[in-house]
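Trainee: Could we go through a few side chains together? I would like to follow the reasoning behind each value.

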Amino acid sequence: MKEKPFSRYQILANVVMILMTLVVVLPFLLLLMSSLTDENILVANGYSFLPEKFSLASYQYIIQSGDKIAKAYLISILVTLIGTVIHVLLAALMSYPLAVRNLPGRKIMMFYVFFTMLFNGGIVPSYIMWSSFGVKDTIWAQLLPVLLLNAWNVMMIRTYFQTSIPESLYEAARIDGASEYKIFSVIVLPLGKPILVTMGTFAGLTYWNDWTNALYYIVRNKNLYNVQNLLNQMVSNIQYLTQSTNSNVSSAAASIPATGIQMAIAFVAILPIMMIFPMFQKYYAKGITLGSVKG
Amino acid sequence: MKKKIFAWVLTVVMIAAMFAGCGSTGNNTGSTNTGSTGTTNTAGTTDTGTTDTGTTDTGSGNTASDKYSEEKPYHLTFAYIEFYQQDEAARQAVQDALNEYMIPTYHIEVEFLPLQYADYQTTIQLMLSGGDALDVMPIFYPYASSWISMGGVYDMNEFMSSADGQAIIAELGNDNAYVGQMNGVLYGFPANKESVELGGLCMRADICDALGITEDYGLEANKDEYDGTYYDWSVAADIFQRVLDAYPDMTPLYLSSTSQMARFEFFDVLVDQFGVLDWETDHKSTTVVNEFETDTYLKAVTMLADWYDKGYIYKDAMTDTQGSATVMKAGNTFSYATAIKPGFLVEAQAANGMDLYAMYFGNSEEGGISTTNVSFFNTGIASNSEDPEMAFKFVSALYSDATVMNLWQNGIEGVNYQVLDDGTAYFVDGQDSSNYTYHQNTGWFMGNQFISYVWNDGTKTADYWEKLSAHNNWAVTSGAFGFMWDSSEYSTQITALNNALETYRAALETGAIGSANVTDTLKKLNDALYAAGLQDVMDAKQAQLDEWLATQQ
């Protein structure tokens with residue numbers, strides 16, 4: 001590559017991008033630093049990028065809460081992996097027929113999918129339904145309700161299958177005598193990789209960040225809590241204990257480094273995703289709308 | 001190379017941006033109002049169906065217990081909130097020990113269902129609507145009206161004439177036993193606890209000593225019992241000025257964004273603060289008025305605004321949620337406003353990690369007690385219960401059977417706690433508050449802690465429960481004590497009113513608006529409240545109160 005002097009546009013673009021980057025990166029840095037700050041300093045001086053006194057007390061507290069964290073991490077990872085794979089598979093299976101132009105009843109099916117984006121049963125009916133399926137207090141509670149399929153993702157994948165994979169490819173395959181399953185597995189899945197990975201990332205994030213399922217369906221068996229549930233529980237309990245005007249607060253509870261812990265918890269929760277995400281970046285960069293078949 | 005780094009940075013930005021959206025949902029659930037007076041009433045169902053009264057037999061205890069035997073006990077689900085983390089195995093052991101006692105005595109097999117404070121409301125609400133197995137549950141007073149109107153709460157009135165009911169009345173007293181009543185439905189019994197919320201100051205002992213405040217006001221270490229001495233808040237202003245003169249960097253008074261108006265002026269807030277009784281003006285008033293138009297309120301916020309201007313109050317009070325223990329430990333705060341009761345100082349000193357003095361304040365002669373002071377969390381029966389009569393037996397045991405209460409609260413004697421020579425209880429040797437396995441420490445929340453052992457945390461003696469009762473007894477009850485307003489038909493208005501109030505409340509009640517703006521802001525607040533339907537709510541409240549008063553004659 002030849003070194004060219006920077007054009008004015010390049011400089012400007014870089015400055016803008018760097019500023020935008022800072023806007024996003026700095027809060028995370030601050031989050032990390034404040035989770036490492038001594039609690040008293042944190043309260044007295046507020047948040048700062050270079051704390052006067054470092055302390056690992058918050059992380060110690062998290063670790064001391066026993067093997068619960070490890071167990072919860074395991075649940076989170078397991079549920080996220082399995083959930084994402086099933087989600088993407090189901091979404092692709094749903095999208096492909098909808099992308100076939102001459103499918104009878106396509107409009108009705110399309111509306112059926114779209115309808116779920118606008119209306120749903122609400123919490124109580126859903127709760128009664130899922131309880132009657134017996135997901136309560138089982139690992140299925142983390143996996144099945146709400147997250148298994150998402151109409152928005154189906155629509156996105158369908159659009160991609162329809163517009164970014166040329167119609168002629170489908171036609172050629174049909175002429176060659178390929179069955180629909182063959183087309184799906186040999187043409188649609190490989191060519192649809194960018195959109196599938198992108199949607200998979202969305203699904204994975206939703207699974208990783210979800211805490212409402214366990215909130216509703218896991219009441220007795222707290223061993224099935226994922227990281228988010230555990231952290232949410234910790235934060236809310238700390239919040240209660242510190243804000244309680246009831247003055248029935250024991251010394252043990254009050255010695256919890258409240259602010260620091262919340263920061264540490266937030267950091268612990270985002271760490272795995274932060275590490276995994278760059279791996280999928282290749283596909284993600286191709287984007288939802290950008291990708292197209294070449295040659 | 002440059003390109004690659006740039007690509008990396010962009011990736012990070014993208015992830016970060018995603019988390020800005022997704023991550024925030026993970027951590028902000030706990031916002032259910034934990035304060036004592038701020039009551040966020042969740043929109044309940046609007047139908048006013050009365051609770052179904054299930055069983056047909058009218059309650060002589062024998063018929064029910066005949067159905068169950070030692071071999072075939074009634075399986076009872078007991079939901080409660082675990083405020084402190086317990087060891088799972090230890091809890092199971094306690095449950096087994098409790099059943100060893102419960103099954104032969106009551107023919108009841110208890111299953112603990114510990115909930116978290118954070119998800120308690122959602123969980124119970126779903127269990128009620130989903131028809132899950134649930135017998136005895138805690139009912140937080142703001143939830144009562146919506147849970148009753150959705151038909152989730154069993155009316156316990158029918159059991160009150162039985163021996164079990166009488167046992168509860170004997171323990172709580174007639175007034176307190178019936179305080180958890182709404183529209184004639186007895187939904188729950190309050191815990192036996194300190195009920196007065198009269199304001200006081202908790203101050204750093206070292207600074208009081210250094211500035212001579214200790215001698216001037218006769219402060220003593222560990223003196224927190226009410227002996228009739230109280231001061232006007234203007235005295236507090238003098239103290240703050242002295243502290244500020246001597247230590248210009250120090251914050252004399254910590255206030256947070258949680259409502260602490262109850263520390264300064266007492267109102268009978270009639271559950272939700274929209275339409276109150278102006279108790280300070282007339283102790284026996286039964287006229288519903290708008291709290292934010294009363295002189296009492298104006299006086300209080302004017303005083304606070306003046307303090308804020310003078311630098312007495314924590315600068316970030318309006319938005320702060322850290323809690324007093326955090327700021328006190330940080331070392332630049334002199335005092336905080338709180339409710340003081342006997343035994344308060346030991347707990348506060350442990351929580352804040354320093355020696356403290358307590359001082360009673362108030363500009364009325366005594367503290368006041370309203371329905372919601374007594375009725376905080378209530379022990380009630382879910383309509384899901386298969387046999388409410390057996391559930392009631394367990395409720396009654398929580399109030400009258402010391403063995404049950406001690407087991408649930410303190411665990412197994414000799415394993416989780418020991419009884420000391422003076423009749424108080426403490427952890428077994430080798431355990432303390434940092435490494436215990438089972439100690440609920442929530443007697444103030446459900447059941448009758450006054451029958452269980454006094455927990456010896458340093459200064460409490462065996463007669464601590466008598467001291468607490470005496471502390472309650474000097475308080476004067478409000479004219480509407482026992483009245484619980486049913487807001488289920490007004491849930492939309494209440495939500496709108498809460499939003500209007502929250503816009504201005506923190507600014508007013510921490511003084512952060514400054515003296516110059518008090519009247520203006522109050523006017524804005526009142527306009528917003530009336531626009532949100534305050535008058536309707538007040539009228540409905542007054543009508544319900546009048547009706548209730550008529551039945552009390």
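Trainee: Is B:Glu502 buried, partly exposed or exposed in this predicted model?
Mentor: Happy to start there. Exposed would need over 50% relative accessible area, and buried would need under 20%. B:Glu502 has a relative accessibility of 40%, so B:Glu502 counts as partly exposed.

Trainee: Which residue does B:Glu502 meet in a salt bridge at 3.2 Å, N to O?
Mentor: Look along helix α19 (residues 491-509) of chain B, where the two partners are three residues apart and therefore separated by about one helical turn. The partner is buried, with a relative accessible area of 8%. The side chain that meets B:Glu502 belongs to B:Arg505.

Trainee: How far apart are the N and O atoms in the salt bridge of B:Asp527 and B:Lys523?
Mentor: Both residues sit in helix α20 (residues 518-531) of chain B, four residues apart, which means about one helical turn between them. B:Asp527 is partly exposed at 43% relative accessibility, while B:Lys523 is exposed at 53%. A salt bridge needs the nitrogen within 4 Å of the carboxyl oxygen, and here the N to O distance is 3.1 Å.

Trainee: Nice! Which residue forms a salt bridge with B:Asp272?
Mentor: The closest N and O atoms of that pair are 2.7 Å apart. B:Asp272 lies in the loop between α11 (261-264) and β9 (276-277), and the partner is 269 residues away in helix α21 (residues 534-552) of chain B. B:Asp272 is buried at 1% relative accessible area, and the partner, buried at 0%, is B:Lys541.

Terms used: Residues are numbered from 1 along each chain as its sequence is written. Chains are lettered from A and ligands numbered from 1 in the order in which they are written. This is a predicted model: local features need pLDDT of at least 70, side-chain atom pairs count only at pLDDT 80 or more; totals for chains, interfaces and linings use all residues. Side-chain values use heavy atoms; hydrogens and water are left out. Helices (H or I, at least four residues) and strands (E, at least two) are DSSP runs, numbered from the N terminus. Buried means under 20% relative accessible area, exposed over 50%, partly exposed in between (1.4 Å probe, protein chains only).
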